[in-house]
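Grab the structure and let's work through its empty spaces together. Each exercise comes with a solution in steps.

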Amino acid sequence: MQKGVFIIIGLIFGFTLYGQSSITETSIHDLVKNRADEIFDSLVEIRRDFHMYPELSGKEQRTSKKIEEYLLDLGLEVKTGVGGYGVVGILKGGKQGKKIAWRADIDAFSTNFPDVVEFASKRAGVRHICGHDVHTTIALGIANVLSDIKDELNGTVYFLFQPSEESFEGAKLMIKDGLFDIITPDEIYGLHMFPIPTGTISTKPDEVFTYMRRIRVSFKKGVPVDSVKELTTAIARDLSRAKSESKPWELQNLSHPEIGIFSPDNSYQDYLIIRDNFRVTELNDRYLFESVLYETDRLNLDSILIKAEQQILNSEYKDKFIGIEYTSEDPGVINNKELTESALNLIGEVYGGKSIIPDYGQIPFFNDDFSYFQQHVPGVYFLLGGSNSDKGLISMPHSPNFAVDEESIRIGVKYFASLIINRANVK
Ligand SMILES: [Zn+2]
Ligand SMILES: [Zn+2]
């Protein structure tokens with residue numbers, strides 16, 4: 001009896017939410033869910049295969065071949081060798097619509113931390129400790145689900161399998177190799193595993209991470225290196241800022257209900273971290289003192305250099321001071337505001353409000369070269385939950401005990417296949 005009541009309410013709710021035309025939309029998401037469940041076991045097998053044979057940035061030959069074979073089997077048009085071992089799959093829907101790109105990174109990482117899973121890496125010193133094996137598998141799963149319903153699908157979907165994310169070169173290489181001559185997406189989406197509960201996703205408009213800059217201070221030879229290092233350390237500590245008592249650099253607090261990024265008034269807002277352990281190298285007639293900083297507000301980046309320079313010019317080493325500069329300026333992940341809001345609304349409508357954890361902060365230390373694609377195409381980068389406290393799994397990228405609840409593959413395929421269908425159908 002009670003079940004019946006719920007079905008009736010569900011039907012009424014469905015009509016109210018979507019109106020007459022969206023009965024089809026509702027049922028297409030049911031097709032997505034069913035197909036994702038059907039192929040789930042095979043996806044887990046594929047993921048474990050990638051996991052056992054991880055490949056470092058620029059060496060993803062085997063992984064690339066497997067991706068190519070899978071996409072060809074699905075009947076997609078496939079381009080290989082895009083920016084190294086990059087692969088692009090093109091799926092044309094049976095109806096008119098927009099062109100949507102989905103990106104997955106495919107490389108593994110160099111680490112000697114022992115692998116914690118049963119299907120451990122068979123390659124010494126190389127491991128999928130960042131979850132790109134899962135990212136790749138989810139993208140293949142989405143391609144499978146969408147191929148299965150391609151007659152009903154609007155528009156075109158591009159699947160980008162990107163090499164060399166860990167070295168931050170792959171996106172640039174694919175673009176330089178003519179990626180945007182091969183494909184012309186209207187929107188681009190991608191994800192990264194993140195230590196939040198499996199079944200949930202998170203993201204926010206605008207900056208997802210902090211602005212990371214490498215900073216270099218140059219002095220003429222003849223300065224006492226140790227004393228100058230003390231000076232740069234003191235400046236780094238003086239300029240760094242955080243809300244009182246908060247420690248945004250403590251990443252274990254990320255999912256803390258009050259201080260983590262999911263509380264509207266959290267620690268991960270309005271801060272600057274300057275690493276105070278400057279590395280010193282010699283170059284011709286000079287010493288270079290180098291470090292890294294993480295700043296939440298782009299508008300502060302110039303004034304950090306000016307303030308540091310002032311402190312050096314007020315010191316006894318001012319006569320030997322040559323200059324201060326940023327030496328690398330990789331763009332950060334910046335989510336398009338409208339697309340982010342629309343994506344979160346859609347996934348919340350189809351999969352329930354509990355599937356989304358709001359994100360109110362900017363995470364230090366991480367970045368993703370997905371940002372290079374976003375410079376060409378508006379897009380959204382999602383954080384996908386892979387942790388499961390009951391199973392003792394924590395999916396914090398690059399941490400020694402990194403592990404993923406494989407249910408997150410099922411979740412990722414469903415949520416983002418539904419998202420792509422919806423976005424391709426937006427007029
Ligand atoms: Zn990584
Ligand atoms: Zn990663």
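**Holes and hollows**

Two cavities of 30 Å³ or more sit in this structure. It's a predicted model, where local features need pLDDT of at least 70 and side-chain atom pairs 80 or more, while totals for chains, interfaces and linings use all residues. Residues count from 1 along each chain, chains are lettered from A and ligands numbered from 1 as written, and side-chain values use heavy atoms without hydrogens or water.

**Exercise 1.** Work out which element gives the most to the lining of the largest cavity.

*Solution.* Start with the space: about 80 Å³ (on a 1 Å grid, a 1.4 Å probe fits but cannot get out; lining residues have an atom within 4 Å of a point). Next, list the lining, which includes I215, T232, L239 and F278. Strand 10, helix 7 (225–239) and helix 8 (301–313) each give two or more residues. Helix 7 wins with four. By class, 10 residues are nonpolar, one is polar and none is charged.

**Exercise 2.** Find where the largest pocket lies relative to domain 1 and domain 2.

*Solution.* A pocket is an open set of points with protein on both sides within 12 Å along at least five of seven lines. This one has a volume of about 540 Å³. Its lining counts 25 residues, with F168, M212, F365, F366 and N367 nearest the centre. Strand 7 (187–197), strand 10 (211–220) and strand 17 (379–387) each supply two or more. Now the domains: 1 (26–207 + 336–424) and 2 (211–328) both contribute lining residues, so the pocket lies between them.

Key. Points joined across faces, edges and corners; volume = space filled by probe spheres on them. Domains from an automatic or database assignment. Nonpolar A, V, L, I, M, F, W, Y, C, P; charged D, E, K, R; others polar.
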